[in-house]
Amino acid sequence: IADVQDEIDHELITKAQIASKIHEVAAQVSKDYQGRDLLLVAVLKGAVNTIAAFSQALSIPVQMDFMSLSSYGSGTESSGTIAIRQDLSCDVRGRHILIVEDIVDSGRTLAWLVEELKRRGAASVEIFALLEKPSRREVDVDVRYRGYEIPDEFVVGFGLDYDERFRNLDSIAVLKPEVYQGE
Ligand code: PRP
Ligand code: MN
Ligand code: MG
């Protein structure tokens, strides 16, 4: 396929909208965590674009760590089982943590991660999620910093993939239905 745009049906959230929301949240977080020692934990792979933009928009010093979690496999439906593909490199005991996530769908990934970080002894755990699909929520997750609510459409871009593709799109988009053919 020559061009990534060939498989895009329409754009849902533009590059400018994403940037503006991330800056808004970063200003709030910079205020809320002023004077505290903050650790950002990004959930790879989806959150890679969000944490890159978000961390640069913060005006306070932070540390960053990464955990690679998978709930989706290659389909468009969450499998419900969370697998650690790669763990954090630091001890979170006593740390104030802000989890950075691209999207909350069923909520299973974040519900699991919040419990896991608390179990490891984190002093506090909050969440920034760029996107939320409220209609798909299955478990309760308290998202402190929220980006955009989106309808129940399978979206890609800005870190979000379909079968590992489209993460490098700079906006959030809906794929053409034929891309899912065979599912
Ligand atoms: C996606 C997305 C979130 C999670 C949300 O990750 O990036 O992490 O699913 O779904 P949930 O609320 O139903 O748990 P995925 O498992 O596809 O891994 P990836 O980030 O590497 O794409
Ligand atoms: Mn993810
Ligand atoms: Mg995925």
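## A guided tour of the predicted model

Begin by selecting Leu44, which stands opposite Ser68 in strand β3. The structure on display is a predicted model, and this pair of residues is a convenient place to enter it.

**First stop: strands β2, β3 and β4.** Extend the selection to residues 38-44, which form β2, and to residues 62-70, which form β3. These two strands pair in the parallel sense, over seven bridges. Now add residues 48-57, helix α2. Together β2, α2 and β3 make a β-α-β unit, and its hand is right-handed.

Return to Ser68. On β4, the residue opposite Ser68 is Gln86. Select residues 83-86 to display β4, which pairs with β3 in the antiparallel sense over three bridges. Ser68 therefore has a partner in each direction: it stands opposite Leu44 and opposite Gln86, by the pairing of strands that DSSP bridges define.

**Second stop: helix α2.** Select Asn49, Thr50, Ile51 and Phe54, which are buried residues of α2. Which elements cover the buried residues of α2? Among them are α1, β2, β3, β5 and β6.

**Third stop: the nonpolar core.** In soluble globular proteins, nonpolar side chains tend to be buried together. The largest nonpolar core here has 43 residues. Select Leu40, Ile97, Leu98, Ile99, Val100 and Phe128, the members that touch the most other members. At least two residues of this core come from each of α1 (15-32), β2, α2, β5 (96-104), α3 (108-119), β6 (124-132), β8 (155-156) and β9 (172-175).

Keep Leu98 selected and look at what surrounds it. Which residues are in contact with Leu98, leaving aside its neighbours within four places in sequence? They are Val29, Leu38, Leu40, Glu126 and Phe128.

**Fourth stop: the sheet of three strands.** Select β1, β9 and β8, which form an open sheet in the order β1-β9-β8, with antiparallel pairing. The edge strands are β1 (8-13) and β8, each of which pairs on one side only. Between β1 and β9 there are four bridges, and the two strands run antiparallel. To find one of these, select Ile13, whose bridge partner in β9 is Ile172.

**Fifth stop: a loop residue.** Select Asn168, in the loop between β8 and β9. Is Asn168 buried, exposed or partly exposed? Asn168 counts as partly exposed because it has 13 C-beta neighbours inside 10 Å; a buried residue would need 20 or more, and an exposed one would have 12 or fewer. Next, add Gly94, which is 74 residues from Asn168 along the chain. The C-alpha atoms of the two residues are separated by 35 Å.

**Last stop: the whole protein.** Clear the selection and view the entire chain. The protein contains three helices and nine strands, and from the N terminus on its elements run β-α-β-α-β-β-β-α-β-β-β-β. Its radius of gyration is 16 Å, close to the 16 Å that the globule rule gives for 183 residues, so the protein is as compact as a globular protein of that length. Along its principal axes, the C-alpha trace spans about 50 × 35 × 30 Å. Buried residues make up 31% of the 183 residues. Of the contacts with a separation of 6 or more, 65% are between residues 24 or more positions apart.

Finally, colour the chain by confidence. The average pLDDT of the protein is 94, and 93% of the residues score at least 70. The model scores ipTM 0.98 and pTM 0.94. Where pLDDT is low, the predicted coordinates should not be read in detail.

Terms used
Residues are numbered from 1 along each chain as its sequence is written. Chains are lettered from A and ligands numbered from 1 in the order in which they are written. This is a predicted model: local features need pLDDT of at least 70, side-chain atom pairs count only at pLDDT 80 or more; totals for chains, interfaces and linings use all residues. A crossover is right-handed if, with the strands pointing away from the viewer, the path from the first strand over the helix to the second runs clockwise. A nonpolar core is a set of buried Ala, Val, Leu, Ile, Met, Phe, Trp, Tyr and Cys residues joined through C-beta atoms within 7 Å. Two residues are in contact if their C-beta atoms, placed from the backbone, lie within 7 Å. pLDDT is the predictor's confidence in each residue, from 0 to 100. The radius of gyration is taken over C-alpha atoms; the globule rule is 2.2 Å times the number of residues to the power 0.38.
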